[in-house]
Amino acid sequence: MEVTDVTGDAGVKETQEESKETDGNLFKDILNIRHNELNNNKIFKDKKKTTPDYIPSKLPGRENECKDLASVLSDAFRGCIPMNIFIYGTPGTGKTSVIKRVFDDMEKFQRNNKKSNVEVITKYINCREKATSEYQVVLRILEDERLKNISLGDSSNPNAQNNKIYGDKLDGLAVEKLYEFLEKVLKRGKIALMLALDEVDAIKKNSNKDSIFYNLVRMNGDLNDNSENREEYNFNAGITIISTTNDMKFKEKLDPRTRSSLSKKGMFFEKYDVPQLEKILEERVKLAFYEGVVEKSAISFAAGYVKKTYDGDVRYALNLLQISGEIAEKEGKPKVTYDEVKKGCDVLNVDTLNEWIKRLYRHQMIVLYAVADAIFKKKYKRLIDIQPDAILSGEAYESYEEKCKIIGEKPKTMRWFREYLNDLQKCELLALSESGKGIRGNTTIIGVGKYYTPKEVVEKIEKLLFGDEIQKEKEEKIEEKQKEGIEEEKTKENQKEGIEEKEGIE
Ligand SMILES: Nc1ncnc2c1ncn2[C@@H]1O[C@H](COP(=O)(O)OP(=O)(O)OP(=O)(O)O)[C@@H](O)[C@H]1O
Ligand SMILES: [Mg+2]
């Protein structure tokens, strides 16, 4: 009894702390902390579902587009080759998601539909990431596991030993050879190939963009005894191309011959409006957050903000949702409300600026830096103010040359400089306008894009271009100041000592 009295609560506490100190295994401590964090984390149920890489099975606002696409492609199951399709739409309007969603269902249907006498194979290629030339596109198709297997022939049949159409070594062969393989393998497998060429405008200009379409369309004729039997039933095999692009003029730029042999069907994906964005976010919230965590007003605010600021690009809406959840988590809040989303908007803007800047070529970045810095430091003063926070193109070039000198780069010619200005305008990092007559004739007025301040742009780019140097400079300045401070103190002390000594003497 006595023992219990003596130790009591305080005693137990002490013992625990002691044991923590003595038993202080690093991993035990760290994992304990993590475990606690996990237990308290009541915000995200499955955070990865807030990322724009995740494609949900439900696509609110795109139900009709999914049905339209599926309806065209369903011809493959009816025994004729579906039409080629062009899908247009600005970034983040769901083009890729719709194709992947429909392809997914198509594959599932094919697996369960044993009656069909053709095999439907879907092949998705993101041209920007995986195939920026005609050659690479054909190569990517041939690399498909199922086509490769068909190419190998029937391995169980000894007579079919030399039946292989192509092997693993495809790289380095002429493109005509690759087309020959493709035609043979499609014919052998009686295949209806649904080929998605996503971001088709990324196929490089120097490789003839038209020829990929032309050659694939022509192959359909060859596969089916040269008759253009797209609409005829019981074809041997065939290809349907579903292409996507942000470039509305893409089809116009194609060779007229190719254009006419290409599809009749074009689809245009409108930008999402606020109610659609709300619905998309609501569905994501159900998948990624614990029930009741995200307030409805927070979703509405996020949808409205992204519509206004980012033209309804759904990727930004999803990023904002994730950032807001992280803010609530970090601040220990039980809910994601208007306040967290409001804070999230600032983080999103900075993140977006970072992303954009990181993607720029070096000289594009220097041009942007030169313009933003000249505006930020109010380098050019004039009597008649052209526009607040803007400079003229001549001044911008001068500033660019100066920055190149500091950075140690040779400035590009005026022609390139103009190209860079246009590129930067396209991604809204710069805003260009014509001065009209009056200011030194007709010149271009340049300001920083509406989403960012010149100061923000300067700070971001300086960090990227000079990184550690700037930090070092700052530290050196602080050190200098501290030294100056110490010196001052010393002189004061010396003076004081001097006076005291003097007084002492006196
Ligand atoms: N209707 C929708 N419902 C739910 N999520 C969607 C919807 N539309 C798009 N998304 C989400 O947004 C992401 C981006 O959309 P997607 O890649 O389909 O746009 P895109 O039109 O192909 O853009 P880009 O032109 O930049 O390639 C998708 O990965 C998906 O997570
Ligand atoms: Mg896409």
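Of the 506 residues in the protein chain, 29% count as buried. Keep in mind that this is a predicted model. The chain's secondary structure comes to 20 helices and eight strands. What about contacts along the sequence? Take those between residues at least 6 apart; 73% of them join residues at least 24 apart.

Now the sheets. Strands of a sheet pair through backbone hydrogen bonds, either parallel or antiparallel. This model gives us an example of each sense.

Start with the open sheet of five strands. Its order is 2-3-4-1-5, and the pairing is parallel. Which strands sit at the edges? Strand 2, residues 119-126, and strand 5, residues 265-269; each pairs on one side only. From one strand to the next, the twist averages 15°. Helix 3, residues 63-73, packs on this sheet. Helix 3 touches strand 1 (85-89), strand 3, strand 4 (238-245) and strand 5. Its direction makes about 165° with that of strand 5.

Look at one pair in that sheet. Strand 2 and strand 3, the latter at residues 191-198, pair in the parallel sense over eight bridges. To find your place, go to E119: I191 in strand 3 stands opposite.

Stay with that region for the core. In soluble globular proteins, nonpolar side chains tend to be buried together. Here the largest nonpolar core has 44 residues. Which residues have the most contacts inside that core? A192 and M194. Leave out residues up to four places away in sequence, and A192 touches A76, I81, V118, V120, A237 and G238. Another core lies apart from this one. That other core has 29 residues, including V285, I299, A303 and L320.

Next, the second sheet. This one is open too, with three strands in the order 6-8-7 and antiparallel pairing. The edges are strand 6, residues 390-392, and strand 7, residues 430-434; each of them pairs on one side only. The twist here averages 25° from one strand to the next. Strand 6 pairs with strand 8, residues 444-448, in the antiparallel sense, over three bridges. Within that pair, L392 stands opposite I445 of strand 8.

Two helices to point out here. Helix 16, residues 362-376, packs on the sheet and touches strand 6, strand 7 and strand 8. The direction of helix 16 makes about 85° with that of strand 8. Helix 17, residues 393-407, lies across strand 6 and strand 8. Helix 17 runs at about 90° to strand 6.

On to the ligand. How many residues are around ligand 1? There are 21, and P91, G94, K95, T96 and S97 come nearest. Two elements give two or more residues to this shell: helix 5 (95-112) and helix 14 (314-330). Helix 5 gives the most, with three residues. By kind, the shell divides into nine nonpolar residues, eight polar and four charged.

One last residue: T258, in helix 11, residues 256-261. Why does T258 count as partly exposed? Because 19 other C-beta atoms lie within 10 Å, while buried takes 20 or more and exposed takes 12 or fewer. T258 also has a distant partner to look up in the sequence. N215 is 43 residues away along the chain, and the two C-alpha atoms are separated by 9.2 Å.

Terms used:
Residues numbered from 1 in each chain as written. Chains lettered and ligands numbered in written order. Predicted model: local features only at pLDDT ≥ 70, side-chain atom pairs only at ≥ 80, totals over all residues. Near = placed C-beta within 6 Å. Helix = DSSP H or I, 4+ residues; strand = E, 2+ residues; numbered from the N terminus. Nonpolar A, V, L, I, M, F, W, Y, C, P; charged D, E, K, R; others polar. Contact = placed C-beta atoms within 7 Å. Pairing = 2+ DSSP bridges. Axes fitted to C-alpha atoms, helices over the stretch in contact; angles between N-to-C directions. Core = buried A, V, L, I, M, F, W, Y, C linked by C-beta atoms within 7 Å.
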